[in-house]
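Student: I am new to this structure and should like a close look at a single part of it. Would you please describe the salt bridges and their surroundings in one connected account?

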Amino acid sequence: MSLQATTRPPAQRQARAVRLGPRSVAALVLISAVGVAGFGWPFLAPPTSRIGAHAQDAPWLFAGVLVLLVAVVAAAISESGLGPKAVAMLGVLAATGAALRPIGAGTAGIEPMFFLMVLSGRVLGPGFGFVLGSVTMFASALLTGGVGPWLPFQMLAMGWFAMGAGLLPGPDRLRGRGELAMLAGYGFLAAFAYGTVMNMAGWPFMSALASNVAFDPHAPVAANLARFAAYCLATSLGWDLGRAVVTVALTLTLGPAVLRALRRATRRAAFETPVTFDAAEK
């Protein structure tokens, strides 16, 4: 008797997203809910609340979200869906993204790492995309010395950015120009969304006495929304537009080659291909 390992031929395999188990999905839901509260508390708290009195404590309080993010990564890695081969790919992509971020140092929105997050999330799925986005931002912060209370917010926002690409329709069927157009459109809109979300992390801690676009804890939600819109237009519109244009340009020019490379690597890694052993007579 002999044991013969049989697997599906590489040419017949299809690149499939890395699937995360129930614990990882629950952790992602939890951290996303906490993140929404952390970013959006100025619009969730009623004007009569005394939350504005804790503006100096809030950055440190929400920095505790970093602990939950680490728990998400640990839970995802412990699941069978993110085995050693997927972790290795996660490390390579995170290192590449972290190396791309200092290019331009964010000047005028020149941030090429965003297009890589979009393409990676598209090929490897929303769960992998979230972990990749958060780990990449953490690694790049260590590389550039950008560690501070804002880092958990950046990790969450980048995780959502990459996760959204994995939730786009047609991962197994849509290819070619249609897929590139969809990814470029998503990258354009998500680049603005990332900038807007990150503005929410710092905007509430401006003094209302210093500017008429600062958060006023005593003002109604509609008034604060108007202030926030004016703040975004005055401070980050140029950077967000540059980030969106760079993401679209790189997606359309380098996207086909990067997508092919990611799908080829995913097929060869065969994250979820089972190996079965059949008894064979000599």
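Tutor: Glu-111 and Arg-243 are both buried. In this predicted model, their side chains meet in a salt bridge, with N and O 2.7 Å apart. Glu-111 belongs to the loop between α4 (84-100) and α5 (113-124), whereas Arg-243 belongs to helix α10, so the pair ties together parts that are 132 residues apart in sequence.

Arg-243 has a further partner, Asp-240, and the closest N and O atoms of that salt bridge are 2.8 Å apart. Here both residues lie in helix α10, three residues apart, which is about one turn of the helix. Asp-240 is buried, as is Arg-243. Through shared partners, the salt bridges join Glu-111, Asp-240 and Arg-243 into one network.

The count of salt bridges comes to four. Another of them is formed by the side chains of Glu-179 and Arg-263, at 2.5 Å from N to O. This pair links distant parts of the chain, for Glu-179 is in helix α8 and Arg-263 in helix α10, 84 residues apart. Glu-179 has a relative accessible area of 2% and is therefore buried; Arg-263, at 10%, also counts as buried.

The surroundings of Arg-243 include the largest pocket, which holds about 340 Å³ of space. Of its 17 lining residues, those closest to the centre are Tyr-194, Met-198, Asn-199, Trp-239 and Arg-243. Helix α8 gives the most to this lining, with five residues. The lining as a whole divides into six nonpolar, seven polar and four charged residues.

How values were computed: Residues are numbered from 1 along each chain as its sequence is written. This is a predicted model: local features need pLDDT of at least 70, side-chain atom pairs count only at pLDDT 80 or more; totals for chains, interfaces and linings use all residues. Side-chain values use heavy atoms; hydrogens and water are left out. On a 1 Å grid over the protein atoms alone, a cavity is a set of points where a 1.4 Å probe fits but cannot get out, and a pocket is an open set with protein on both sides within 12 Å along at least five of seven lines; lining residues have an atom within 4 Å of a point. Grid points are joined across faces, edges and corners, and a volume is the space filled by probe spheres set on the points. Helices (H or I, at least four residues) and strands (E, at least two) are DSSP runs, numbered from the N terminus. Ala, Val, Leu, Ile, Met, Phe, Trp, Tyr, Cys and Pro count as nonpolar, Asp, Glu, Lys and Arg as charged, and the others, Gly among them, as polar. Buried means under 20% relative accessible area, exposed over 50%, partly exposed in between (1.4 Å probe, protein chains only).
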